[in-house]
Number of protein chains: 2
Amino acid sequence: MTVNLPPTMPLRPIDGIRVGTAIAHIRYKDRPDLAVFLCDEGSVVGGVFTQNRFKAAPVLLSQSRLGNVRGVVVNSGNANAATGDRGFNDARASSHHLADLIGCYESQVLPCSTGVIGEFLPIDRMRDGIDRAYSCAKPDGWNEAAQAILTTDTAPKGLSASFRVGTHEAHATGIVKGSGMVRPDMATLLAFVATDVRMSGGVAKKLAWDLAERSFNRLTIDGDTSTNDSFLLIATGRSAAPAIEHEEGDRYEQVLEGITPVVRELAIRTVRDGEGATKFITIKVAGGRTERECLQVAYTIAHSPLIKTAAFAGDPNWGRFCMAIGRAGIDDLDVSRVSLDIDDVAIARNGLVAENYCEESAAQEMSEPEFVVLVDLGRGSANTEIWTSDLSYDYVKINAEYRT
Amino acid sequence: MTVNLPPTMPLRPIDGIRVGTAIAHIRYKDRPDLAVFLCDEGSVVGGVFTQNRFKAAPVLLSQSRLGNVRGVVVNSGNANAATGDRGFNDARASSHHLADLIGCYESQVLPCSTGVIGEFLPIDRMRDGIDRAYSCAKPDGWNEAAQAILTTDTAPKGLSASFRVGTHEAHATGIVKGSGMVRPDMATLLAFVATDVRMSGGVAKKLAWDLAERSFNRLTIDGDTSTNDSFLLIATGRSAAPAIEHEEGDRYEQVLEGITPVVRELAIRTVRDGEGATKFITIKVAGGRTERECLQVAYTIAHSPLIKTAAFAGDPNWGRFCMAIGRAGIDDLDVSRVSLDIDDVAIARNGLVAENYCEESAAQEMSEPEFVVLVDLGRGSANTEIWTSDLSYDYVKINAEYRT
């Protein structure tokens with residue numbers, strides 16, 4: 001089940017990058033499950049990674065390899081997580097193998113894995129898949145890669161955009177996988193975004209972080225975070241646009257604003273493809289003293305099984321919102337200032353059910369596949385927005401049957 | 001659905017307390033939904049209450065009324081929460097009405113409510129119910145009260161125990177309601193425990209806290225906490241046992257140990273009657289540096305939808321445990337020291353799948369209605385234990401259909 005998930009259109013190649021895929025039989029049979037990104041010299045990569053302490057071997061390696069980049073190797077079906085020294089060596093061996101083909105240092109290749117945790121990577125099949133993906137790499141291989149990185153996702157998710165840096169046109173293309181075990185701080189998703197803008201490794205690192213804060217760090221499906229999530233931002237520098245030399249300033253902002261629609265939409269599509277999702281819910285929290293406390297409230301709402309099941313049922317259950325807002329950890333919250341709206345329907349004002357509240361109208365809004373929950377804490381001017389999905393029978397079904 | 005929930009046996013009266021119930025038509029039709037506890041002079045009450053910021057009016061009142069007690073009035077069907085000043089006045093009016101009947105101060109009567117949030121209490125029906133419950137109150141009314149306080153629970157839950165204080169026999173009887181929106185820090189449950197031991201109000205307060213830490217603060221169904229939860233401990237002082245005058249020492253310990261089996265079993269039965277529960281899961285975390293970090297890990301496991309669905313499916317999914325342990329907020333966790341057992345089956349050692357691990361045996365253990373998850377963090381000697389249930393289709397069904 002997906003909620004208004006748009007099809008992925010043909011993705012625009014990014015000058016300086018070729019993408020190859022292969023059927024490597026890592027776990028799935030007869031479907032592409034391995035992808036390589038080959039980057040021309042001069043490319044740099046920034047990245048944001050899972051906060052989980054059980055970081056998979058490829059995460060540990062990729063984190064240490066930000067900067068100059070020549071290649072990325074991704075597999076689905078096996079996460080190479082909780083695999084100890086052997087897993088670390090397997091991740092090294094994969095990246096080493098691709099580095100040999102490219103003719104670069106191993107440290108210029110980043111490995112990424114997603115899939116089952118606690119099993120060893122079939123390294124011979126990996127090497128074989130890398131050979132084949134390498135040999136068929138092409139500029140317009142993005143759509144195939146979007147397919148190859150999937151696990152429980154129902155459909156590939158990718159997007160391209162053009163934007164201006166000064167008077168020059170620049171481009172960005174990105175793909176993402178992830179549909180469960182997805183929450184902020186880079187939970188289970190892999191996202192690969194490339195741009196042709198020229199920048200330093202330091203700028204790419206900062207830019208990846210700023211982009212994640214506007215996108216992948218604002219979504220949650222079930223509150224669970226994975227061992228593997230990685231968002232890589234590759235910049236090839238092939239655009240005629242002037243190089244971004246500083247981590248702030250007008251040009252930096254232009255690139256940040258230019259790529260934001262891509263990552264934001266990738267994040268939103270991840271939620272639309274959330275495991276068992278029947279609703280796409282935008283949670284806005286306003287009137288907080290800090291963005292941090294707004295986020296606390298938003299996530300408490302988004303992770304509450306009682307609210308998620310009420311959302312599934314289309315039940316505008318003020319009681320459950322009270323409960324979630326009240327346990328969000330704001331010790332000095334004055335509940336008599338809290339308001340709640342669902343779309344345009346006022347549910348509560350000043351901590352009480354709103355006068356003229358019409359449950360039927362609210363239920364009508366919540367019966368739609370998409371709605372907005374707006375909480376006003378009435379104590380400041382900070383605000384935030386996150387995206388989540390509901391908790392359905394299918395979520396239980398998918399996760400009771402799939403082996404993570 | 002319940003998991004090995006034992007029937008409630010006839011509950012032993014506690015000298016100095018009479019219990020009455022009534023059909024007050026608060027929300028449910030033709031079932032008892034109101035109970036009063038009438039306490040003889042000399043009784044004291046301690047209590048532990050929800051940490052939620054949206055505290056219901058009766059919680060705010062009862063919190064301020066610990067000490068000498070003459071009565072408790074409880075209704076199900078309506079939580080009188082998020083009801084503002086009017087709700088506060090309604091809670092006052094209920095307790096005032098019972099106080100008039102008893103002939104005591106309003107401040108000696110504690111109100112408790114559970115049920116739908118955000119609706120006003122039907123105060124006339126409350127008064128009428130209180131009249132009738134008062135007039136039929138009797139020493140052996142506990143079993144009827146256990147029934148009257150239920151909401152989505154499938155069965156009443158109560159227990160009596162005898163213990164020794166010095167050479168004298170003493171007694172405790174308790175009842176509990178709560179099946180969803182239940183988690184530590186006194187989430188949605190109401191528990192009433194009475195003992196005939198004599199003690200001061202200060203000792204009762206400390207004792208209630210110590211008992212909660214061993215019972216109601218160690219269970220979780222879905223991580224959601226309610227606006228109303230209250231655990232009251234009433235001590236009538238009618239036992240011939242010597243009075244407990246200090247908040248520590250041998251006699252205090254005897255009473256604490258004597259009542260612990262009652263509250264612990266009430267807490268466990270609450271989980272056994274958890275909404276949609278098909279499994280009763282004990283989560284033990286050992287080898288932590290502090291009990292606090294053990295609890296963090298235990299609750300992260302207990303609240304993970306991915307683990308709860310795996311438990312429902314009977315799937316010994318090491319990957320999901322890695323994920324949950326890794327995101328439990330222990331920044332300097334050395335994952336290569338973490339071990340996991342399910343009952344007697346070693347799942348993982350030193351952060352890796354255990355040698356000789358037999359998935360079939362582990363799946364067999366998890367297919368039982370009850371199993372123990374044991375995590376060893378390998379970094380200290382602190383440990384803890386909590387109880388939880390799984391996430392089933394029925395949990396979704398119940399919460400998609402019931403209005404909190």
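**View 1. Contacts between chain A and chain B in a predicted model.** Here 56 residues of chain A are in contact with 55 residues of chain B. Contact means heavy atoms within 4.5 Å. This is a predicted model: local features need pLDDT of at least 70, side-chain atom pairs count only at pLDDT 80 or more, and totals for chains, interfaces and linings use all residues. Residues are numbered from 1 along each chain as its sequence is written, chains are lettered from A and ligands numbered from 1 in the order in which they are written, and side-chain values use heavy atoms, leaving out hydrogens and water.

**View 2. Area and polar pairs at the interface of chain A and chain B.** The two chains bury about 4,400 Å² between them (accessible area, 1.4 Å probe, lost on being put together and summed over both). Carbon and sulfur atoms hold 59% of it. Across the interface, 8 residue pairs are in polar contact, both residues at pLDDT 80 or more. A polar contact is a pair of N or O atoms within 3.5 Å; within protein, one must be able to donate a hydrogen and the other to accept it, and residues adjacent in sequence count only if both atoms are side-chain atoms.

**View 3. The two-fold axis.** A turn of 180° and a shift of 0.0 Å along the axis lay chain A on chain B with an RMSD of 0.0 Å (least squares on C-alpha atoms of residues with pLDDT of at least 70 in both). That is the relation of a two-fold axis. Of the residues of chain A, Y393(A) comes closest to the rotation axis, its C-alpha at 2.8 Å. The same surface serves both copies: 98% of the contact residues of chain A recur in chain B.
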